[in-house]
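Here's a walk through one model, going from single residues to the DNA contacts. Have the coordinates open and click along as you read.

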2 protein chains.
Amino acid sequence: MTRRQLTTVTDVARLAGVSPGTVSKALSGQGQLRSATRERVLAAAKELGYRPSQLAKSLQTGRSYMVGVLTTDSIGRFTIPILTGAEDVLEAGQVSMMLCESRGDRVRERHYLQTMLSRRVDGIIVTGRSSDERPSIGDDLPVPVVYALNKSTDPSDISVLHDDRNGAALAIEHLISTGRRRIVLISGPPHHAATTNRHSGTIEALHRAGLHLAADPVFGPWSEEWGREAAAWLVRAGVEFDGAFCMSDQIARGFSDGLRELGLRVPNDVGIVGMDNWDAMVGASRPPLTTIDLQMSRLGYVAASLMLAQIDGEDIEGGSRLVPSILVMRESTRVATA
Amino acid sequence: MTRRQLTTVTDVARLAGVSPGTVSKALSGQGQLRSATRERVLAAAKELGYRPSQLAKSLQTGRSYMVGVLTTDSIGRFTIPILTGAEDVLEAGQVSMMLCESRGDRVRERHYLQTMLSRRVDGIIVTGRSSDERPSIGDDLPVPVVYALNKSTDPSDISVLHDDRNGAALAIEHLISTGRRRIVLISGPPHHAATTNRHSGTIEALHRAGLHLAADPVFGPWSEEWGREAAAWLVRAGVEFDGAFCMSDQIARGFSDGLRELGLRVPNDVGIVGMDNWDAMVGASRPPLTTIDLQMSRLGYVAASLMLAQIDGEDIEGGSRLVPSILVMRESTRVATA
DNA sequence: TTGAAAGCGCTAACAT
DNA sequence: ATGTTAGCGCTTTCAA
């Protein structure tokens, strides 16, 4: 591997027979230049393989064109699409991402915050696996902050969240539209924002249709095993139901497996809607799962857009924004054919 | 949100009644200072909330203390632990990560490469989802490059890879040690490095034990469905087997489900070893899967260490390094109890 | 239309 | 032990 020496404006200037200032103008397209001069500079730059130092430019302009991404939990299944969505926006704005994983460690988090600020990031996106509220990273920061997925406890902070209520409502409305009337709710763990909001969304949607849950909601972990248990429990308890909304695809998949093993058919006897649109789950389920997609990459997109807007000086109102969920239809709710 | 004005060395110097140079020395711990002076500077810095600009420091020292991470595919299940492992090393070296997702787009990849170089990253880690070889990003780059998980086609490049052969061998040896003698191999898609290497590892390990596969290996996608199909196919073909190595946890899980539904018991009739140690799969399987852990975070750790060593001027030999896999024992290979 | 010069915030060599 | 100065690579007035 050859280590090429770095070229500077001065080198280019010398080769083109002009001053450094002229090189800067030629390359940035600013100011008045004779086009012949510009050509000459461009040619010289190309010949030398000149690559401007963003470092020096940043020092000069006071903008690093970099945003820090602070993931409070470790990066996970939800964080990935958020990052991807954010990058779509940032790349278009020529902004790079500095990634810091604090892994839930407050000390590390403060440390990373300092690191980001010393690098003069133009803004900070805070994200993490859970949708529960988290303490604000500070209210006297010299740069804008946007919380993605993780809501800040400080209501004046800007948070972008997925819409659990609307997601649950979509699930219920879809079950109803496929002819289900006796619907059960298989929840995640209690006392979590996600669970609570999905619960309300469910109840409200049922209410609008003049319906009630066919059984009290049951709570458990986000696991397939819990889904299987729930199925067994409901059937043994003699609950009559023809539709189920499970708060995650893992639960839904376990629930589906559980029903099948108990001799019930999906979707003929019971229609099932999951949540997350997790490819590994929805595809492997038999039959493939209808589910709610929380639109995580859209969430990242919105968060980054709000970030850029603030960097560009726009005044964005504090508070939460919800990104609507969508329904993805598959076999587990297919209308029973005669 | 208050935007605090940024403080510079000069501000601190003025408040402490010293020169900027002295402030620099006091804060960096370089040179000779009367401790009273140092205290005074530190106090002033603290009072002003001074945060040194890494930007200016980098320009001065020529080191950005940042490495670029170029993910050629989109970030996925495998990339996450690699990033985490890398961050462990980098953080200790005070080095930050700039993340760029090229998503398999060569144009975007070149673009990101330019961006990284213009930011004067100290080095570049290339990674991605597949372990197949990929073209080198260039051999005349001004900074060191390490390939993690994705092997470069250029043998003089430094690549860090997981060890498929040793992983497969561990699986086979474990099956043998739990008393299995008629072992089948459920492969992934043909013509992939991962599949090929796991295949050789399997054959070699069997050979060392004086055994052969109980049936020709069968190839299919990395899916649960393929695992189920494979189980059905083997059983219907009348193949007698008491052990199976499946090249992924998804396949293993499907295989396990398939066997159970055909009336065979795991691990009593058949012991199963998967590969990946993917929590969502190994835990949800019934029974939980024994599997091979490819040690991805260790891989990231090694890659980042080689990166730092090179940045520090060490001369690292080109070529591939393999990170050994390990076996994680669970129920799917438990020794049958009488 | 182009060049010269100052300065972004810091560090390091040299003076004092 | 501390201050002065120059310079990292670039942009941006201001002069020429």
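Ile158(B) sits in strand β5 of chain B, which covers residues 158-162. This is a predicted model, and in it Ile158(B) has a relative accessible area of 5%, so it counts as buried. Now hop along the chain to Arg182(B): 24 residues separate it from Ile158(B) in sequence, and their C-alpha atoms are 39 Å apart.

**Backbone oddities**

If you like checking torsions, chain B has a couple of cis peptide bonds to look at. One joins Val266(B) and Pro267(B), with omega at about 10°. Pro267(B) belongs to the loop between α10 and β8 (271-275) of chain B. Another cis bond links Arg286(B) to Pro287(B), and omega there is about -5°. That proline, Pro287(B), is in the loop running between α11 (279-284) and β9 (290-293) of chain B.

Positive phi values turn up too. His191(B) isn't a glycine, yet its phi is positive at about 60°. You'll find His191(B) in the loop between β6 (183-186) and α8 (193-208) of chain B. Is His191(B) buried or exposed? Its relative accessibility is 77%, so His191(B) counts as exposed. Over in chain A, Gln295(A) is another non-glycine with a positive phi of about 60°. Gln295(A) lies in the loop between β9 (290-293) and α12 (296-311) of chain A.

**Rings and charges**

How many aromatic pairs does the structure hold over all chains? The count is 3. One of them is formed by Phe241(B) and Phe255(B), a tilted pair with 6.1 Å from centre to centre and 45° between the planes. The pair ties together distant parts of the chain, 14 residues apart: Phe241(B) is in the loop between α9 (224-236) and β7 (243-246) of chain B, while Phe255(B) is in helix α10 (residues 249-261) of chain B. What about solvent? Phe241(B) has 9% relative accessibility, so it counts as buried, and Phe255(B) is buried as well, with a relative accessible area of 0%.

Arginines also meet rings here. In chain A, the charged end of Arg63(A) sits over the ring of Tyr65(A), 3.8 Å from the ring centre. In chain B, it's Arg77(B) whose charged end sits over a ring, that of Trp278(B), at 3.6 Å from the centre.

**Cysteines**

There are 0 disulfides over all chains. Why does Cys100(A) have no bonded partner? The closest cysteine sulfur to that of Cys100(A) belongs to Cys100(B) and is 14 Å away, which is too far for a bond. Cys100(A) is buried, with a relative accessible area of 1%. Cys246(A) is buried too, with a value of 0%.

**The DNA side**

Start with DNA strand D. It is surrounded by 23 residues, and the closest are Val9(A), Tyr50(A), Arg34(B), Thr37(B) and Gln60(B). Of the strand D atoms that come within 4 Å of the protein, 64% are sugar and phosphate. The residues of this surface split into 7 nonpolar, 12 polar and 4 charged.

Next up, DNA strand C. Here 22 residues surround the strand, with Arg34(A), Thr37(A), Gln60(A), Val9(B) and Tyr50(B) the closest. Sugar or phosphate makes up 65% of the strand C atoms within 4 Å of the protein, and bases make up the rest. The surface near strand C has 7 nonpolar, 11 polar and 4 charged residues. As for secondary structure, α2 and α4 of chain A and α2 and α4 of chain B each supply at least two residues of that surface.

Here are some of the N and O contacts with the DNA strands:

| Protein atom | DNA atom | Distance |
|---|---|---|
| Val9(A), backbone N or O | strand D, phosphate oxygen | 2.4 Å |
| Lys25(B), side-chain N or O | strand D, base oxygen | 2.8 Å |
| Gln60(B), polar side-chain atom | strand D, base nitrogen | 2.5 Å |
| Arg34(A), backbone N or O | strand C, phosphate oxygen | 2.6 Å |
| Thr37(A), polar side-chain atom | strand C, phosphate oxygen | 2.4 Å |
| Ser24(B), polar side-chain atom | strand C, phosphate oxygen | 2.8 Å |

To pick out bases rather than backbone, go to strand D: Lys25(B) reaches a base oxygen there, and Gln60(B) a base nitrogen.

Conventions
Residues are numbered from 1 along each chain as its sequence is written. Chains are lettered from A and ligands numbered from 1 in the order in which they are written. This is a predicted model: local features need pLDDT of at least 70, side-chain atom pairs count only at pLDDT 80 or more; totals for chains, interfaces and linings use all residues. Side-chain values use heavy atoms; hydrogens and water are left out. Rings of Phe, Tyr and Trp (its six-membered ring) pair if their centres lie within 6.5 Å; planes under 30 degrees apart count as stacked, over 60 as edge-to-face and the rest as tilted. Helices (H or I, at least four residues) and strands (E, at least two) are DSSP runs, numbered from the N terminus. Buried means under 20% relative accessible area, exposed over 50%, partly exposed in between (1.4 Å probe, protein chains only). A charge sits over a ring if NZ of Lys or CZ of Arg is within 6 Å of the ring centre and within 35 degrees of the ring normal. A residue is near a molecule or strand if one of its heavy atoms lies within 4 Å of it. A polar contact is a pair of N or O atoms within 3.5 Å; within protein, one must be able to donate a hydrogen and the other to accept it, and residues adjacent in sequence count only if both atoms are side-chain atoms. Ala, Val, Leu, Ile, Met, Phe, Trp, Tyr, Cys and Pro count as nonpolar, Asp, Glu, Lys and Arg as charged, and the others, Gly among them, as polar. A disulfide is a pair of cysteine sulfur atoms within 2.5 Å.
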